[in-house]
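Biologist: Please take a close look at one part of this model, the nonpolar residues, both on the surface and inside.

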Amino acid sequence: MRIAIYSDNFYPELSGITDSIMTVGKELARRGHFINYYVPRYSKEDYLSLHRERNLDMGPNIEVHSLPSFPIPTGTGQGRLAPPLMWSFPSIKKFDPDIVHFHLLGGTGLEAVIASWVFGKPLVGTNHTPFIEFLHYLPLRAKWLDKLILGYDSWLYNRCGFVASPAHSIFDAMASFNARIPHEVVSNPIDVNLFNPHYPKAALKKKFVFPEFTLLYVGRLAEEKNIAVTLKAAALLKEKIPAFNLVLVGKGAYEKELRG
């Protein structure tokens, strides 16, 4: 099967969505499918900030097509918007996918919807998160604008033949979503080779000078992650367990406030 995947988030952006679609793509390729990604083009600074290489080799059967984009405010601090200017169309025509699959509602999502219509391909969408949680990043806030964007969110996924989401609550948040469209909750993938209980915990604690009782947060440093609640809970726990240590690992727009 030949699958065209459109996403507003991709490597090197630190994002669970990035990890999810890359993990799925690699596994599909391992099973013999062919994957073409259509994603924003990131700047040199985006790679340098996370010490990541610009040349990404995802192995055989996978191609990554970077679309012209510009920076936008998001929780990762690395957000990009690729305007739907149909830059992917020559590649799509040559690739001739069996399915067009989009993630998120930005420029790549809209371009995927248009591509599926122009080339007559089945359209699948995955809604990863309630978009209402990200409206505070908009430079302009108004009720009519919030309503317009949330309506657009549902409109986009209403174009699909099937919609997936990692949680029921996301479907509930899509006020105008057509429930007659086939949709299912599909859990995010996990790389069991990376996340397993066999890592030498004691040796790692010694290497990083962590006390015996350490709580580790690894992820995006963003307001919607409610890290402030974790900090308050950690302060209370510290009163009962003086040796307790909280470690935050990640990067994002909220990092400056957390350090302050």
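Modeller: The answer goes from the surface to the interior. This is a predicted model, in which local features need pLDDT of at least 70 and side-chain atom pairs count only at pLDDT 80 or more, while totals for chains, interfaces and linings use all residues. Residues are numbered from 1 along each chain as its sequence is written, and side-chain values use heavy atoms, with hydrogens and water left out.

Ile-190, Val-192, Leu-194, Phe-195, Tyr-199, Leu-204 and Phe-208 make a nonpolar surface patch of about 750 Å². Such a patch joins nonpolar side chains within 5 Å, from residues with over 30% relative accessible area and no salt bridge (a Lys or Arg side-chain nitrogen within 4 Å of a carboxyl oxygen of Asp or Glu); areas come from the Shrake-Rupley method with a 1.4 Å probe, and only the protein chains shown count as cover. Val-192, in the loop between strand 9 (183-185) and helix 7, is exposed at 58% relative accessible area (exposed is over 50%, buried under 20%, partly exposed in between). Helices (H or I, at least four residues) and strands (E, at least two) are DSSP runs, numbered from the N terminus.

Inside, the largest nonpolar core has 24 residues, and Tyr-157, Val-163 and Phe-177 are among those with the most contacts in it. A core here is a set of buried Ala, Val, Leu, Ile, Met, Phe, Trp, Tyr and Cys residues joined through side-chain atoms within 4.5 Å. Elements giving two or more residues to this core include strand 1 (2-7) and helix 5 (143-157). Beyond four places in sequence, Phe-177 touches Tyr-157 and Val-163, among others; contact means heavy atoms within 4.5 Å.

Conventions. Patches are made of residues with over 30% relative accessible area and no salt bridge: like charges are joined within 9 Å, nonpolar side chains (Val, Leu, Ile, Met, Phe, Trp, Tyr) within 5 Å. Buried means under 20% relative accessible area, exposed over 50%, partly exposed in between (1.4 Å probe, protein chains only).
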